[in-house]
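Good morning, colleagues. Please take a moment with the sequence and the structure before I begin.

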Amino acid sequence: MTGTTATAPPRNAFREQQWREAHERYLDCARQVFGSLGYHAATVADIVAAANGSRATFYAHFRDKADIAAALFERVLPAGAAMYGRITEFPELNREHVRRWLDEHVLPFWATYGVEIDLVNHAMAADPGVAARHYQWGMEAVRQLRPYLARWTGEHEQAGLTRALLLVLQLERLCYHWLVRGVEHERGMVLDILADLWVRELAVLREGPRG
């Protein structure tokens, strides 16, 4: 799901390829500009200049600065989906496996994509549309936990999805403040707490609704 306003005019394969290449060039240059200047100081003009393009071409691909910031984050969604998908590969649900997953996959994800994550948080504050897209991104992450939601059907389906979404959003906010914004935490302690929390909540999800 891209969510961007503009769509490619695929009149032929060559023109579609040109559109895709221009789209990616603007995204790559935007990441460099945002990484150097920060979200608030960077302008569309800065991104256009870095891409050696034109404002008309920029607006053919993106609605505004918040839209391209959101599109940058959308590029990392497959990596995020793969990260959450690993939960379903545990040989068994226990604290050791969950802690290892957090240490070896979750924390490195936030460290690797810190620029994109910081950008989308600023874009959400600036644009309600991006905030709405962010909710849908959270639901996409929840879909990776489907095996744990198998018993949440019928009238209980929404409750199961909400429990899983809250679990994902809680992890996201902690990692954002800790690994992106630099709020200090002791790594081992945080991993222990998160592992306890996720094991307990995943077990609840797997067991299904009570009563």
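**Salt bridges and a helix contact**

At 34% relative accessibility, Arg 163 counts as partly exposed, because that value falls between the 20% limit for buried and the 50% limit for exposed residues. Please bear in mind that what you see is a predicted model.

What does Arg 163 pair with? Its side chain meets that of Glu 201 in a salt bridge, with 2.9 Å from N to O. Arg 163 belongs to helix 9, residues 157–180, and Glu 201 to helix 10, so this pair ties together parts that lie 38 residues apart in sequence. On the other side of the pair, Glu 201 is buried, its relative accessible area being 17%.

Side chains of opposite charge can pair when their charged atoms come close. The structure as a whole holds 18 salt bridges, and I shall discuss some others.

Helix 10 is also involved in a second pair. The side chains of Arg 95 and Asp 196 form a salt bridge, at 2.5 Å from N to O. Arg 95 lies in helix 6, residues 95–112, and Asp 196 in helix 10, residues 187–207, so parts 101 residues apart in sequence are tied together. Is Arg 95 buried or partly exposed? Arg 95 counts as partly exposed, at 36% relative accessibility. For Asp 196 the relative accessibility is 36%, and this residue counts as partly exposed.

Within helix 6 we find another salt bridge, between Arg 100 and Glu 96, whose closest N and O atoms are 2.8 Å apart. Arg 100 and Glu 96 are four residues apart in helix 6, so about one helical turn separates them. Arg 100 is partly exposed, with a relative accessible area of 35%.

Salt bridges also join residues into a network, made up of Arg 63, Asp 64, Asp 67, Glu 74, Asp 127 and Arg 133.

Let me now turn to helix packing. At what angle do helix 1 and helix 4 pack? The angle between helix 1, residues 13–37, and helix 4, residues 65–74, is about 100°, and their axes are 10 Å apart. Helix 1 is therefore roughly perpendicular to helix 4. Helix 1 makes the contact through Tyr 26, Leu 27, Ala 30, Arg 31 and Phe 34, and helix 4 through Lys 65, Ile 68, Ala 69, Ala 71 and Leu 72. Of the residues in this contact, eight are nonpolar, two are charged and none is polar.

Thank you; I welcome your questions.

How values were computed. Residues are numbered from 1 along each chain as its sequence is written. This is a predicted model: local features need pLDDT of at least 70, side-chain atom pairs count only at pLDDT 80 or more; totals for chains, interfaces and linings use all residues. Side-chain values use heavy atoms; hydrogens and water are left out. A salt bridge is a side-chain nitrogen of Lys or Arg within 4 Å of a carboxyl oxygen of Asp or Glu. Helices (H or I, at least four residues) and strands (E, at least two) are DSSP runs, numbered from the N terminus. Buried means under 20% relative accessible area, exposed over 50%, partly exposed in between (1.4 Å probe, protein chains only). Axes are lines fitted to C-alpha atoms, for helices over the stretch in contact, and angles run from 0 to 180 degrees between N-to-C directions. Angles under 35 degrees count as roughly parallel, over 145 as roughly antiparallel, 65 to 115 as roughly perpendicular and the rest as oblique. Contact means heavy atoms within 4.5 Å. Ala, Val, Leu, Ile, Met, Phe, Trp, Tyr, Cys and Pro count as nonpolar, Asp, Glu, Lys and Arg as charged, and the others, Gly among them, as polar.
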